[in-house]
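Please open the model in your viewer and keep the selection panel at hand, since each stop on this tour begins with something to select.

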Amino acid sequence: QTEIQWWHAMGGELGAKLEEITKGFNDSQDEYRIVPSYKGTYPETMTAAIAAFRAQQQPAIVQVFEVGTGTMMAAKGAIVPVHQLMADNDVAFDPAAYLPAVVGYYSDTDGNMLSLPFNSSTPILYYNKDVFEKAGLDRDTPPKTWAEFEEFSKKIKESGAANCGLSSRWVSWIQTENFSAWHNQPIGTLENGFGGLAARLSYNGPVQVKHWENLKRWADEGLYKYGGPVAGDNAAPLFYSQECAIYMESSGGRAGIVANAKDFEVGYGMLPYYDDVEGAPQNSIIGGASLWVLSGRPDEEYAGVAKFFEYLSSPEVQADWHQFTGYLPITQAAYDLSKEQGFYEQNPGTEISIKQITLNPPTENSKGLRFGNYVQIRGIIDEEFEQLLSGSKDAQGALDSVVERGNALLAEFEAQNQ
Ligand SMILES: O=P(O)(O)OC[C@H](O)CO
């Protein structure tokens with residue numbers, strides 16, 4: 001039996017489900033055994049895989065979050081493109097089977113898919129229906145705009161129904177990158193980096209500045225509580241404990257929310273928008289991760305990886321993963337199967353992620369982003385946001401610094417990958 005190592009970043013409910021799915025593959029045949037290993041957060045998993053590759057101890061499969069895509073695509077000798085893996089091993093593979101928003105993110109400029117989309121998400125709004133009712137709000141109506149968010153949050157706080165309006169994970173992914181796409185504002189030049197390595201960041205425009213300014217003001221007024229850097233792991237407990245009534249998080253956070261938000265009813269909504277911004281709401285962009293195949297492993301492992309990827313993409317496995325986790329269905333067939341099974345009717349709110357990501361045909365501002373060194377740039381966003389919260393910079397100053405420091409890293413990446 002050939003053992004195949006799979007490094008991933010899925011903890012908690014997601015990790016348990018990932019193991020169950022892997023077991024399903026292992027039990028279905030006896031030639032290959034996939035061995036999943038949890039390597040920590042997304043940045044930790046990616047760093048571990050790069051270090052392992054240098055030491056020639058790399059796993060065959062590594063899960064890399066969406067913002068690592070630019071770096072992985074540039075690491076040509078280190079990866080086996082998925083379209084090539086499937087062709088080399090005679091496993092049927094049709095990129096057209098995947099949802100367009102997902103395929104585009106992981107394909108090169110010739111339309112070849114380089115990694116396998118596995119867990120694609122988009123951020124949505126979750127809220128505490130019971131707290132809304134206690135505050136005298138309609139329990140079935142989440143805020144549609146940021147103005148409504150402020151109005152509702154004040155009512156919630158003043159009535160004593162809860163202590164705060166909002167906690168949010170990922171200031172970078174949700175409140176900056178998705179915020180930009182949702183308002184049809186550029187994240188960077190050259191189609192947010194899809195147009196080549198000469199692209200530079202530009203998300204310091206007036207719309208993003210206004211939003212960061214508001215987040216700071218809402219933090220000062222107690223309407224918003226910061227969840228911390230990187231993923232913002234302190235945000236979830238604030239929602240579960242009913243301290244904050246509204247929570248912004250990945251659609252893939254649903255499994256955790258269902259398991260942890262026990263004492264109240266959870267409602268779902270789209271991300272709020274500023275209604276004075278032309279073109280908003282546009283469409284949100286994907287997050288989550290894809291599976292990259294690393295080079296330098298024995299041939300028999302690749303044959304097994306190709307079979308495993310075929311299994312992971314089957315409508316039944318994808319639909320099960322999507323329905324349990326809240327990640328997007330990835331393929332049209334998994335989406336159709338979920339509809340046929342009546343999943344969305346029986347589980348209100350679960351289709352919001354799909355509706356939001358397909359709300360309008362994507363513009364060059366809302367296809368996603370593709371930049372090298374972006375894991376480090378995410379760190380810069382967190383640092384500058386914390387400077388804003390502490391009062392040592394204003395919103396324009398903080399976002400100008402993100403762009404300036406981030407662009408220095410992009411210039412470095414461009415020079416290294418000419
Ligand atoms: O929580 P996830 O897996 O949906 O990922 C969120 C972000 O996209 C990570 O960059």
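In this predicted model, begin by selecting residues 123-128, strand β6, together with residues 244-250, strand β9, which pair in the antiparallel sense over five bridges. Within this pair, show I124 and look across to β9, where E249 stands opposite.

Now widen the selection to the open sheet that these strands belong to, in which five strands follow the order β8-β7-β9-β6-β10 with mixed pairing. Colour β8 (224-226) and β10 (266-269) separately, because they stand at the edges with a single partner strand each, so that one side of each has no neighbour in the sheet. If you look along the sheet, neighbouring strands are turned against each other by 25° on average, direction ignored.

Next, add residues 146-159, helix α7, which packs on the sheet and touches both β7 (164-168) and β9, its direction making about 120° with that of β7.

For the last stop, hide the sheet and select helix α18 (residues 374-390) and helix α19 (residues 395-416), whose axes come within 9 Å and cross at roughly 160°. Since angles over 145 degrees count as roughly antiparallel, the two helices α18 and α19 are therefore described as roughly antiparallel to each other, and their crossing is right-handed. To see the contact itself, show side chains on α18, including I377, I380, I381, F385 and L388, and on α19, including A395, A398, V402 and L409, which are among the residues where the two helices meet. Taken together, the residues of this contact between α18 and α19 divide into nine nonpolar, four polar and two charged.

Note on methods: Residues numbered from 1 in each chain as written. Predicted model: local features only at pLDDT ≥ 70, side-chain atom pairs only at ≥ 80, totals over all residues. Axes fitted to C-alpha atoms, helices over the stretch in contact; angles between N-to-C directions. Helix = DSSP H or I, 4+ residues; strand = E, 2+ residues; numbered from the N terminus. Parallel < 35°, antiparallel > 145°, perpendicular 65-115°, else oblique. Left-handed = near helix turned anticlockwise from the far one by under 90°. Contact = placed C-beta atoms within 7 Å. Nonpolar A, V, L, I, M, F, W, Y, C, P; charged D, E, K, R; others polar. Pairing = 2+ DSSP bridges.
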